[in-house]
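Me: I have a model to go through with you. Let us take the ligands, then the interface, then the salt bridges.

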There are 2 protein chains.
Amino acid sequence: MTPDAPAPFRVGLLGHGTVGSAVAELLPESADAIAHVTGLRPEISGVLTRSRGDFDEILAGSDLIVEVMGGTDDARTYVTRAIEAGKHVVTANKQLLAEHGEELWALAREHRVQLRFEAAVAGVVPVIRVLQESLTGHPVERLHGIVNGTTNFILTQMAATGASYEEALAEAQQLGYAEADPTDDVTGKDAAAKMAILARLAFDTPVHLSDVPYEGIAHLTTEDIEYARDLDLSLRLIGTAERIGDELAVRVHPAFLYKGHPLASVEGPFNAVTIESPAITEITLSGPGAGGPQTATAVIGDVISAMIPPAQTPPTRNTLGFVDDVASSFYLHVEVADKPGVLAQVAQVLGLQGVSVKSVVQKGTGTGARLVLVVHPVLESRFYGAVQLIAAKDFVTAPPRAIRVIDEEFAG
Amino acid sequence: MTPDAPAPFRVGLLGHGTVGSAVAELLPESADAIAHVTGLRPEISGVLTRSRGDFDEILAGSDLIVEVMGGTDDARTYVTRAIEAGKHVVTANKQLLAEHGEELWALAREHRVQLRFEAAVAGVVPVIRVLQESLTGHPVERLHGIVNGTTNFILTQMAATGASYEEALAEAQQLGYAEADPTDDVTGKDAAAKMAILARLAFDTPVHLSDVPYEGIAHLTTEDIEYARDLDLSLRLIGTAERIGDELAVRVHPAFLYKGHPLASVEGPFNAVTIESPAITEITLSGPGAGGPQTATAVIGDVISAMIPPAQTPPTRNTLGFVDDVASSFYLHVEVADKPGVLAQVAQVLGLQGVSVKSVVQKGTGTGARLVLVVHPVLESRFYGAVQLIAAKDFVTAPPRAIRVIDEEFAG
Ligand SMILES: NC(=O)c1ccc[n+]([C@@H]2O[C@H](COP(=O)([O-])OP(=O)(O)OC[C@H]3O[C@@H](n4cnc5c(N)ncnc54)[C@H](OP(=O)(O)O)[C@@H]3O)[C@@H](O)[C@H]2O)c1
Ligand SMILES: NC(=O)c1ccc[n+]([C@@H]2O[C@H](COP(=O)([O-])OP(=O)(O)OC[C@H]3O[C@@H](n4cnc5c(N)ncnc54)[C@H](OP(=O)(O)O)[C@@H]3O)[C@@H](O)[C@H]2O)c1
């Protein structure tokens, strides 16, 4: 907080659905942090839906327009008018950019405003930023993406549970991972629009939705997936963009991935993109590809970048202390004499110290036995206290070995 | 290429070792592409090593200084002097920032120049950019990283081959993944410096190298790894930074990861970082964490960002055509009558069409048999031609099913 209140930065919001309402909720929550970095305090200056708000009024009262209404008719008109009025625009609308991107980007250059669109592809996964900023000037050779969360959820669900396509789709709809009308997702059209945008940036050549052949997943069977398992393959809907000689191939189709491929482990509604370029080998970015708050986070990242490029590392705002005793799960390896009751005694020491055991493996070693335990999260001081007590037991034949365990918390 | 030649942007290079020589090689190669985006053409204006170049002369003749010499004495002096002279600085030096970051960032703010450091953590993996730009204003809850490629190579090698720590280290040295003196890597000190930088950005609080306790990997045994396999865990050197109440815990130690954790599949010299924040769930970024060209790519990305923030999507420079026949590997599923010679006939058709088989599974289905083949990459037209011929055979009892296969090309 500086003594002078930061000047306002007015954000007009077109659309107040899944993404728009999350932007309206999250932007005020980060306004202080954003003011700290940019010197300007963002505020929502108006909201347009089919039933409320007036576009002309919102436009006149905003420094930047966020377009999260979808569609290619009104959205195109409003984005065009915002740019012509000299306002920055942030959009999450892949169909709009895959069909009219060149026209809108050219208009933005002409009017010297920013047109940002991180949220249009793979939600909060920062693939647009990486292609436009980190990799500028580096020739991309190929790009593979899982850019539709609905179909990835359906395919991983079919593989995990043996469900049919229809059953997995119904589950996706119930969980909110698929819309009531899933056509654009399951036919591959949504993914094709995103691949058109990625290919445009990666290969610096115009790519229109109509240049991208696509194939969906509705015809896939659990049988395909089961056979593939024998061959150590996993089935995904993959977008590919690659340079072949002097031409480009951009397409979307179901494909099997070998287990070692970085996209093979992307599960559930997650998205991921692998970018291959000679100098860098490859980088992979993954995370949630959709959802209101996630997409809104990407939108807000773009708003901040448009407000002022973070040219500097701002001063810190916190001075947090450092924890000196942290809870952790542990692996514990103890060599013991092979006597009855040894495991019970080890378990008793742990229990008395409040350390709870998650799993145990005991193996004979010829001359003695070896206990390997994994314990539930516990303060380190408490755990190491128990280990010291165990180490002092006469049946322990070598110093116990402890290594931390990081729990499976993957949200995908 | 615009009719007017773009103005030069002079880059002074401090250091000409692994990273510096790669910058000197790659920057001129991307100069045209960079000029296209920024309007300025970067050129190397001078090079400093222990045996050549004069710092004062280079400073006077440069718009931006790239510091890739390492160390914390001369590097600190030169970076300070460059900032004071009003020049942007790009550095790959994690020790410098983990020890003197606050002082240098404050100086850069004071002199209104940029101090960029993507290459200092996880090489070309754009974690600094994502923390500073995409996630500004979003509270980070926790961050886990594999930020040292040397130790990750050693640990995955021990797991894959049963090699001892000493053997795996020797192999890493031979392959250039470990230096002759690997102390900073294997003790965890290098990772601790990187975690200090990441925690500083994620939690917006000063974090100094001395705030980060670290533990190395030299004491780990193949036995630990083998037992862990029974428990479905994989062993990695993990940096963790997390907020616990109003305090922070930042540390580096070996840790086991459950199989589903996004970092568990990061192999070889690769780096990866998982960022957890309530709004976004988590995102994971992975790629090569070191190496001359990779690190130089990150340095050049920073140079471009410092030259001019890419406020706009530049016009395309290419107009590539689209390939209409692409080579791909395929999975082919054929239901056949259970007669002798059927597999041979299928194989013959494929062979005549130039389609070469990689693997086959044949299974009885009670009434007939099912062939599942994977073929080596072949032009789609050729493959589908063969499938059509096979479909026409009298022993084929249902339309064959074909799905593309993406080959295992993971460089890790
Ligand atoms: N949902 C996601 O997870 C996600 C992820 C990435 C990108 N996106 C993209 O983000 C955009 C918005 O998606 P969403 O899921 O938030 O959509 P949504 O829930 O259907 O919300 C759309 C909003 O826009 C308004 N709107 C639509 N057409 C309008 C028009 N012609 N004039 C005025 N207002 C109009 C609607 O108003 P009413 O309320 O009056 O109908 C509604 O408030 C789309 O381009 C989508 O592709 C969404
Ligand atoms: N190597 C990687 O993959 C990698 C990855 C990420 C970050 N980094 C960081 O990048 C930096 C450079 O690493 P590197 O591997 O390229 O190092 P390097 O191969 O050892 O090269 C260092 C260069 O700096 C010069 N130099 C060192 N001290 C100097 C001094 N006091 N005055 C003038 N010149 C000096 C050396 O000159 P001489 O040739 O005369 O000795 C040499 O040209 C380090 O901060 C490192 O941590 C490296």
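Me: Which residues are the closest to ligand 1?
Reply: This is a predicted model. The shell around ligand 1 holds 19 residues. The closest of them are A:H16, A:V19, A:R50, A:D74 and A:G291.

Me: How far is an oxygen atom of ligand 1 from an N or O atom in the side chain of A:K94?
Reply: Start with the backbone. A backbone N or O atom of A:G17 sits 3.3 Å from a ligand 1 oxygen, and one of A:V19 sits 2.8 Å from a ligand 1 oxygen. For the side chain of A:K94, the distance from an N or O atom to an oxygen of ligand 1 is 3.0 Å.

Me: How much of the accessible area of ligand 1 does the protein cover?
Reply: On its own, ligand 1 has 900 Å² of accessible area. The part covered by the protein is 74%.

Me: How do the residues of the shell around ligand 1 divide?
Reply: Sort the shell by residue class. Charged residues number 3 and nonpolar residues 6. The polar class has 10.

Me: Now chain B. Which residues are the closest to ligand 2?
Reply: Ligand 2 is surrounded by 19 residues. The closest are B:H16, B:V19, B:R50, B:D74 and B:G291.

Me: How far is an oxygen atom of ligand 2 from an N or O atom in the side chain of B:R50?
Reply: Take the backbone first. A polar backbone atom of B:H16 is 2.8 Å from an oxygen of ligand 2. For a backbone N or O atom of B:T18, the distance to a ligand 2 oxygen is 2.9 Å. From the side chain of B:R50, an N or O atom reaches an oxygen of ligand 2 at 2.6 Å.

Me: What share of the accessible area of ligand 2 does the protein cover?
Reply: The reference is ligand 2 on its own, with 900 Å² accessible. Of that area, the protein covers 74%.

Me: What is the area buried between chain A and chain B?
Reply: Interface size is often given as the accessible area lost when the parts come together. Here the contact takes 124 residues from chain A and 123 residues from chain B. Carbon and sulfur atoms give 58% of the buried area. The total is about 10,600 Å².

Me: Which strand gives the most to the side of chain A that touches chain B?
Reply: Polar contacts join 27 residue pairs between chain A and chain B, both residues at pLDDT 80 or more. On the chain A side, the top contributor gives 11 residues. That element is strand β8 (residues 247–258).

Me: How many salt bridges does the rule find across the interface of chain A and chain B?
Reply: Side chains of opposite charge can pair when their charged atoms come close. One salt bridge joins A:R370 and B:E223, at 3.3 Å from N to O. Across the interface of chain A and chain B, the count is 10.

Me: Within chain A, why are A:E133 and A:R129 separated by about one helical turn?
Reply: Their side chains meet in a salt bridge, 3.7 Å from N to O. Both residues belong to helix α6 (residues 127–134) of chain A. They are about one helical turn apart because their spacing in that helix is 4 residues.

Me: How many salt bridges does the structure hold over all chains?
Reply: The pair A:E133 and A:R129 forms a salt bridge. Over all chains, the total is 42.

Key:
Residues numbered from 1 in each chain as written. Chains lettered and ligands numbered in written order. Predicted model: local features only at pLDDT ≥ 70, side-chain atom pairs only at ≥ 80, totals over all residues. Heavy atoms only, no water. Near = heavy atom within 4 Å. Polar contact = N/O pair within 3.5 Å; in protein donor to acceptor, adjacent residues only side chain to side chain. Areas by Shrake-Rupley, 256 points an atom, 1.4 Å probe, with all protein chains shown as cover. Contact = heavy atoms within 4.5 Å. Buried area = accessible area lost by both parts, 1.4 Å probe. Salt bridge = Lys/Arg side-chain N within 4 Å of Asp/Glu carboxyl O. Helix = DSSP H or I, 4+ residues; strand = E, 2+ residues; numbered from the N terminus. Nonpolar A, V, L, I, M, F, W, Y, C, P; charged D, E, K, R; others polar.
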